[in-house]
Amino acid sequence: LKLQFLYLIGATMQRLQTMRRHVQRRWATWARPRDQPPRPNGRDSTVMGWKAALTAAPPGKVPTKLLAEMKSGVAHTSPGSLPVLVNDLAKAKWRRAGQREVAGVLDAVAAHLVMQRAVATMTPRDVSTTLHALAKCLHRDAALLEYFAEEVVLGAGSFDPRYLATTIWSYATLKVMHEELFSAVAEESIRKRRRFNPQDLANTVWS
């Protein structure tokens, strides 16, 4: 009983520390200088142009110039538009042949999302889509995965079963163990267990 009590105290302290960091980040966003423009939301026209170019690219050829343009230009785009771009990169038939170039773009995307604290402009679907794409590419970015994990721990209640399952599957696929994240997803999955379909349930159990 004493060990259980100590475990609960430790888990509570970890959750409080995560909440404190979350509040500090939100305060930093709210207290942004008035002369600094707010972060853009929604779909970015530049990103939509890249998406169209990716779709039109020949399946057997790596669009090297396009990927270089994306890598250098990601920092000037709206974070909310990046999940669709990352998802398209993960589905590209030439992804393995252009692994180095794709990794460069994903590094730039991850750095931009962390720098902009982008979860504030992303839906649970956006978060899970981004994580799923990173997992398909086997691309581990420690800073982004830690940032997303902290945000999901605090916002797990807003995630549908599908997005909970995709999120936890992505971390497991990347072999990243984040105890707070797994615990939060487990608790939320139990509460929403009747809403899981067989595939989401299987992915969650596997993870």
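Accessible areas here come from the Shrake-Rupley method with a 1.4 Å probe, and for residues only the protein chains shown count as cover. This is a predicted model, where local features need pLDDT of at least 70, side-chain atom pairs count only at pLDDT 80 or more, and totals for chains, interfaces and linings use all residues. Residues are numbered from 1 along each chain as its sequence is written, and side-chain values use heavy atoms, with hydrogens and water left out.

**Exercise 1. Describe the chain as a whole: its elements, its surface and its contacts.**

Step 1: Start with the elements, where helices (H or I, at least four residues) and strands (E, at least two) are DSSP runs, numbered from the N terminus. The protein chain has 10 helices and 0 strands, so its order from the N terminus reads α-α-α-α-α-α-α-α-α-α.

Step 2: Turn to the surface. The protein chain exposes about 12,100 Å², and carbon and sulfur atoms supply 58% of this area. Of the 207 residues, 43% are buried (under 20% relative accessible area; exposed is over 50%, and partly exposed lies in between, with a 1.4 Å probe and protein chains only).

Step 3: Look at contacts (heavy atoms within 4.5 Å). Among those with a separation of 6 or more, 79% join residues 24 or more positions apart.

**Exercise 2. Find the largest nonpolar core and explore the surroundings of F148.**

Step 1: Recall the term: a nonpolar core is a set of buried Ala, Val, Leu, Ile, Met, Phe, Trp, Tyr and Cys residues joined through side-chain atoms within 4.5 Å. The largest one has 53 residues, and M70, W94 and F148 have the most contacts inside it.

Step 2: Ask which helices build this core. At least two residues each come from α2 (45-56), α3 (64-73), α4 (82-91), α5 (99-115), α6 (124-136), α7 (142-155), α8 (161-173) and α9 (179-191). The largest share, 8 residues, belongs to α5.

Step 3: Now zoom in on F148. Leaving aside residues up to four places away in sequence, F148 touches L113, V119, M122, V127, T130, L131 and Y171.

Step 4: Check the rings. The structure holds 1 aromatic pair (ring centres of Phe, Tyr and Trp, using its six-membered ring, within 6.5 Å; planes under 30 degrees apart are stacked, over 60 edge-to-face, the rest tilted). Y147 and F148 form this tilted pair, 5.9 Å centre to centre with 40° between the planes, and both residues are buried.

Step 5: Look for a charge over a ring (NZ of Lys or CZ of Arg within 6 Å of the ring centre and within 35 degrees of the ring normal). The charged end of R117 sits over the ring of Y147, 5.0 Å from its centre.

**Exercise 3. Examine the salt bridges, and say where their partners lie.**

Step 1: Side chains of opposite charge can pair when their charged atoms come close. A salt bridge needs a side-chain nitrogen of Lys or Arg within 4 Å of a carboxyl oxygen of Asp or Glu. The whole structure has 4 of them.

Step 2: Take D160 and R195, whose side chains meet at 3.3 Å, N to O. This pair links distant parts of the chain, 35 residues apart: D160 is in the loop between α7 and α8, and R195 is in the loop between α9 and α10 (198-206). D160 is partly exposed at 35% relative accessible area, whereas R195 is exposed at 51%.

Step 3: Move to helix α9, where E188 and R191 lie 3 residues apart, about one turn of the helix. Their side chains form a salt bridge of 2.7 Å, N to O. E188 is buried at 8%, while R191 is exposed at 58%.

Step 4: Add K192, which also bridges to E188, with the closest N and O atoms 3.2 Å apart. Shared partners join E188, R191 and K192 into one network.
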